[in-house]
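Me: Could you take a close look at one part of this model for me? I'd like to get to know the sheet, strand by strand, along with whatever packs around it.

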Amino acid sequence: MSAPLIGIVGSAGAYGRWLRRFFETRMGLAVIGHDPADPDSLPEAELARRADVLIFSAPIRHTAGIIQRYIGLAGGGEAGRLWLDVTSIKATPIAAMLDSRAEVVGLHPMTAPPKAPTLKGRVTVVCEARLDAWRPWLDDFLHALEGEYVRAEPEQHDRIMALVQAMVHATHLAQAGVLRGQKARVGDLADVLPFRSASFEMDAAILARILSLNPAIYEDIQFGNPHAHEILTALHAQIGRMAALVGEGDDAARAAFRAEFLSGNREALGTRALAEGNYSYERLGYLLADLAGAQAMSVHLPEDRPGSLRALLHVFERHGVSLSSIHSSRTPDGEVHFRIGFDAGVDVAALRLAAAEIDASGIGRVLVAAGR
């Protein structure tokens, strides 16, 4: 199969832009696209006619209608081609794509467009609906994405997303509403965070993330999933039951609380899931503690090659500076930064000398450094 021409419906959106960069830089493929927000994008009819692989990256509520429009524009010319979607709901868009004559696969990356160039370490749900000739290419595409893949039927996907997305988002949005209601008594989130536990800090980070991104996505995840109402009703019942028991406050209520919400849930989740989850929580707690340290340096290594990090660490060794932690992250432009933590009693003068050597040698670029 010759290199296919990639078409993206919604090419000006966040995922459309990320996908364009991925196909062009990681797979060396030509990309065309249409988006109402981009007056310079291709007309829809031309996109439908030319694209060998057509990817729908549109708002959930509009995706099925857009797919139906492209079926009309393609006029049967989509036969022998591949159509994909990357929405958070799978049953409706996949059913719409199956009305076409194209091969059909639904994808759901379980992350907003990452700062990294691939989906390495991120889960992507794959729903193969009609796939034959394009299977080798899809396998190559998924391999290049470097994601962690789970296969599912569209209905199964949507039911699980009502738990993984709709329930989780609703819980944190409700927490945000409670914080808003308590603001007059305790202050805003910045006033509460100094009293944080690791659990509260994680929840605060999640609700801040949700409220920082595109609100239409979170609205559609609730209103576009046919199973969300059932799950939110069950969540409401659980919270209501808990509130009622706490309101009663007597020994019988405490016993019921222990039996239902602690013992019952612990038994239902199982020993293995609890052990793995507790371990994940501890890892995140240690990470948050490391990142909270005041004595730290952030360094960008411009040369991504074997030995770069070792050379950086040797600088600290030469200046007698011990490291307490090191973590990597990416900027919005995709640069890898290393955040290096030090003990509170670190020799600040030695740390300054190490920072100066890192800058002068070209090993790295010091962005933030303790003592500067």
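Reply: Let's start with a single rung: Ile6 has Val31 as its bridge partner in S2. That rung belongs to a parallel pairing, in which 4 bridges join S1 to S2, the strand of residues 31-34. To get from S1 to S2 the chain passes through H1, and this β-α-β crossover is right-handed. Bear in mind that the model is predicted.

S1 also has S3 as a partner, again parallel and again over 4 bridges. There, Ile8 stands opposite Ile55 of S3. As for the side chains of S1 (residues 6-9), Ile6 and Ile8 point one way, Gly7 and Val9 point the other way, and all of them are buried.

Now step back to the whole sheet. It's an open one of 7 strands, in the order S2-S1-S3-S4-S5-S6-S7, and the pairing is mixed. S2 and S7 are the edge strands, each pairing on one side only. On average, neighbouring strands are turned by 25° against each other, ignoring direction.

Two helices are worth placing against it. H1 lies across S1, S2, S3 and S5 (103-109), and runs at about 165° to S2. H5 lies across S1, S3, S4, S5, S6 (123-130) and S7, with an angle of about 135° to S7.

Then there are the rings. Searching the whole structure turns up 12 aromatic pairs. Take Tyr15 and Trp18: their ring centres are 6.1 Å apart and their planes sit at 75°, over the 60 degrees needed, so this pair is edge-to-face. Both residues are in H1 (residues 14-26), 3 residues apart, or about one turn of the helix. Tyr15 and Trp18 are both buried. A second edge-to-face pair is made by Phe56 and Trp83, at 5.4 Å centre to centre with 70° between the planes. This one links distant parts of the chain: Phe56 is in S3 (residues 53-56) and Trp83 in S4 (residues 82-85), 27 residues apart. Phe56 and Trp83 are buried too. Going back to Tyr15 and Trp18, ring pairs link them with Phe22, Phe23, Trp134, Trp137 and Phe141 into a cluster.

S4 has something else to show you, namely Asp85. With 0% relative accessibility, under the 20% cut-off, Asp85 counts as buried. Its side chain makes a polar contact of 2.5 Å with the side chain of Thr87. Leaving aside neighbours within four places in sequence, Asp85 is in contact with Phe56, Lys90, Pro93, Ile94, Met97, Val105, Gly106 and Leu107. Phe56 is the ring we've just met, the one paired with Trp83.

Last stop, the other end of the sheet, where S7 is an edge strand. In the loop between H5 (135-145) and S7 (148-151) you'll find Glu146. Its phi is near 65°, a positive value in a residue other than glycine. Why does that catch the eye? Because most residues other than glycine have a negative phi. Glu146 has 35% relative accessibility, so it counts as partly exposed.

How values were computed. Residues numbered from 1 in each chain as written. Predicted model: local features only at pLDDT ≥ 70, side-chain atom pairs only at ≥ 80, totals over all residues. Heavy atoms only, no water. Phe/Tyr/Trp six-rings, centres within 6.5 Å; stacked < 30°, edge-to-face > 60°. Buried < 20%, exposed > 50% of the residue type's maximum accessible area, 1.4 Å probe, protein only. Pairing = 2+ DSSP bridges. Right-handed = clockwise from strand over helix to strand, strands pointing away. Polar contact = N/O pair within 3.5 Å; in protein donor to acceptor, adjacent residues only side chain to side chain. Contact = heavy atoms within 4.5 Å. Axes fitted to C-alpha atoms, helices over the stretch in contact; angles between N-to-C directions.
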